[in-house]
Amino acid sequence: MSRTYAVTAVAVVFLATVLVGGFGLRISRTTSDFYVASRTVRPRLNAAAISGEYLSAASFLGIAGLVLVHGPDMLWYPVGYTAGYLVLLVFVAAPLRRSGAYTLPDFAEGRLESRQVRRLVSVFVVAAGWLYLVPQLQGAGLTLKILTGAPGRLGDVLVASVVVIAVAAGGMRSITFVQVFQYWLKLTALLVPAIFLVLAWRGDGRPRVTFDEQLSVFRADHPLYATYGLIVATFLGTMGLPHVVVRFYTSPNGRDARRTTVAVLALIGVFYLLPPVYGALGRLYAPELIHGGDADAAVLLLPGRVIGGLGGDLLGALIAGGAFAAFLSTASGLTMAVAGVITQDVLPSRGVRHFRLATVLAMCVPLAGSLMVSRVPVADSVGMAFAVSASSFCPLLVLGIWWRRLTPPGAVAGLLLGGGSAFLSVAITVSGAVRPPGWPHALLAWPAVWSVPVGFLAMVLVSLATPGRIPSGTNAAMTRFHLPETLTAGRHR
């Protein structure tokens with residue numbers, strides 16, 4: 001791929017991101033604008049923004065890399081990422097919007113009337129956000145290195161810098177427009193080259209794609225358990241991802257929140273048809289990546305390998321721009337969510353000036369982590385973040401919305417035992433202290449199978465054991481969650 005074209009494409013995406021974010025700055029005036037865009041984002045716009053931030057480096061590069069190396073078994077990733085929105089639609093979307101909260105800690109405190117629960121949820125939101133941010137930054141570094149030969153860590157720093165500027169400039173208003181633009185850019189960046197790649201494959205005689213040689217992950221290392229671990233994490237983890245949840249607070253009402261979720265299912269469903277195509281074609285045209293450790297680069301390299309010439313350079317540049325849009329959009333949403341929590345629960349003031357300071361703080365830790373921690377395949381590391389989210393926020397949201405008897409001690413127990421054990425498992429896995437094969441590694445690498453039930457069970461049992469701690473405002477909160485806004489107008493605005 002021509003480095004000139006690649007650098008130009010990346011520069012255009014960076015510039016467009018700043019300009020679109022600047023447009024958001026012009027109409028961001030109040031604190032509500034910065035946190036939830038004054039709750040005025042309509043379903044179509046919000047669905048594109050959610051899809052833009054949700055389709056991360058794991059979606060754009062990681063799934064293709066996993067299919068290339070491990071075969072069709074990895075298609076559980078896009079299935080799980082998409083199906084998670086069905087669970088979100090059924091159980092969480094509308095009640096969460098009706099809660100009137102700005103952040104997950106706001107929801108926890110409003111439902112359970114406990115500052116202790118709020119502080120604990122804040123810790124988990126920040127930890128999950130940072131855990132998810134690291135692979136976005138590392139993916140950016142890998143992409144820039146492959147495209148331009150620049151030092152591997154330069155991409156990490158560039159993405160972090162642009163995200164801080166965009167988020168600090170206009171908050172949620174700004175990020176909404178940025179993520180809508182980036183969703184359509186990412187879809188175009190995968191779809192157009194895929195069409196030409198498939199045409200080239202047909203012109204090459206349609207050689208058969210085989211997966212006889214593949215590194216076994218699910219097949220050798222307790223495959224059934226690992227598959228269920230992935231399914232549970234991705235199905236249930238979506239509802240607790242802080243950058244996804246915060247976007248539902250921007251909907252005008254619960255009905256629009258549900259309509260937004262349905263639209264998201266369509267948008268991300270279309271997108272996820274494309275990465276497996278790149279993974280399969282990578283088997284034919286870039287087989288050396290299977291053992292080379294750079295399988296995530298298959299999407300970037302295929303246009304040059306298959307098409308070549310000026311056409312390959314142009315298509316490669318389009319993919320390069322889309323890849324950086326993936327890093328920027330997800331990193332922006334995560335930074336926005338973490339900065340909101342830091343502003344409300346750490347800094348002494350909740351004003352716009354402190355929000356901008358929180359934005360810088362929200363990016364510093366994951367940037368340091370991306371520079372110091374060895375690289376893990378992006379889809380794998382994102383899957384770990386899903387496991388932590390599923391084990392902590394899923395029980396809190398489902399029981400908080402649908403079970404009147406949840407108590408603050410129960411919520412604390414579930415968060416610590418479910419989310420805490422999942423986070424510890426992820427830390428041990430990343431450190432390499434327990435290596436495959438064997439049950440210890442499988443249990444730690446895919447903890448959601450046991451950590452999610454632990455979280456639910458702890459919340460239920462401890463809540464039943466502390467019936468005197470049921471918050472006094474539980475009935476009012478449940479009414480607010482489940483009745484249309486027209487019937488509860490004026491009570492939670």
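Which residues line the largest cavity? The legends below address this and other views of the structure, which is a predicted model.

**View 1. The lining of the largest cavity in the predicted model.** Thr-103, Leu-104, Val-125, Pro-242, Val-246, Tyr-249, Ala-337 and Val-341 line the largest cavity, a space of about 40 Å³. Seven of these lining residues are nonpolar and one is polar, while no charged residue takes part in the lining. Helix 11, which spans residues 242-248, and helix 16 each contribute at least two residues to the lining of this cavity. In total, two cavities of 30 Å³ or more are counted.

**View 2. Gln-344 and its polar contact with Arg-118.** Gln-344 belongs to helix 16, which covers residues 309-345, and helix 16 is also one of the helices that supply at least two residues to the lining of the largest cavity shown in the preceding view. The side chain of Gln-344 is joined to the side chain of Arg-118 by a polar contact of 3.0 Å. Gln-344 has a relative accessible area of 6% and therefore counts as buried, the cut-off for this class being under 20%.

**View 3. Thr-429 in helix 19 and its surroundings.** Thr-429 is placed in helix 19, a helix made up of residues 408-431. A polar atom of the Thr-429 side chain lies 2.8 Å from the backbone oxygen of Ser-425. When residues up to four places away in sequence are left aside, Thr-429 touches Met-384, His-441, Leu-444 and Ala-445. With a relative accessible area of 15%, Thr-429 is classed as buried, because this value falls under the 20% limit.

**View 4. The protein chain as the setting for the close-ups.** The protein chain contains 22 helices and zero strands, and helix 19, the location of Thr-429, and helix 16, the location of Gln-344, are featured in the views above. Of the 493 residues in the protein chain, 60% count as buried, and both Gln-344, at 6% relative accessible area, and Thr-429, at 15%, are described in this way. Among contacts in the protein chain with a separation of 6 or more, 85% are between residues 24 or more positions apart. The accessible surface of the protein chain amounts to about 17900 Å², and carbon and sulfur atoms account for 67% of this surface.

Terms used. Residues are numbered from 1 along each chain as its sequence is written. This is a predicted model: local features need pLDDT of at least 70, side-chain atom pairs count only at pLDDT 80 or more; totals for chains, interfaces and linings use all residues. Side-chain values use heavy atoms; hydrogens and water are left out. Helices (H or I, at least four residues) and strands (E, at least two) are DSSP runs, numbered from the N terminus. Buried means under 20% relative accessible area, exposed over 50%, partly exposed in between (1.4 Å probe, protein chains only). A polar contact is a pair of N or O atoms within 3.5 Å; within protein, one must be able to donate a hydrogen and the other to accept it, and residues adjacent in sequence count only if both atoms are side-chain atoms. Contact means heavy atoms within 4.5 Å. Accessible areas come from the Shrake-Rupley method with a 1.4 Å probe; for residues, only the protein chains shown count as cover. On a 1 Å grid over the protein atoms alone, a cavity is a set of points where a 1.4 Å probe fits but cannot get out, and a pocket is an open set with protein on both sides within 12 Å along at least five of seven lines; lining residues have an atom within 4 Å of a point. Grid points are joined across faces, edges and corners, and a volume is the space filled by probe spheres set on the points. Ala, Val, Leu, Ile, Met, Phe, Trp, Tyr, Cys and Pro count as nonpolar, Asp, Glu, Lys and Arg as charged, and the others, Gly among them, as polar.
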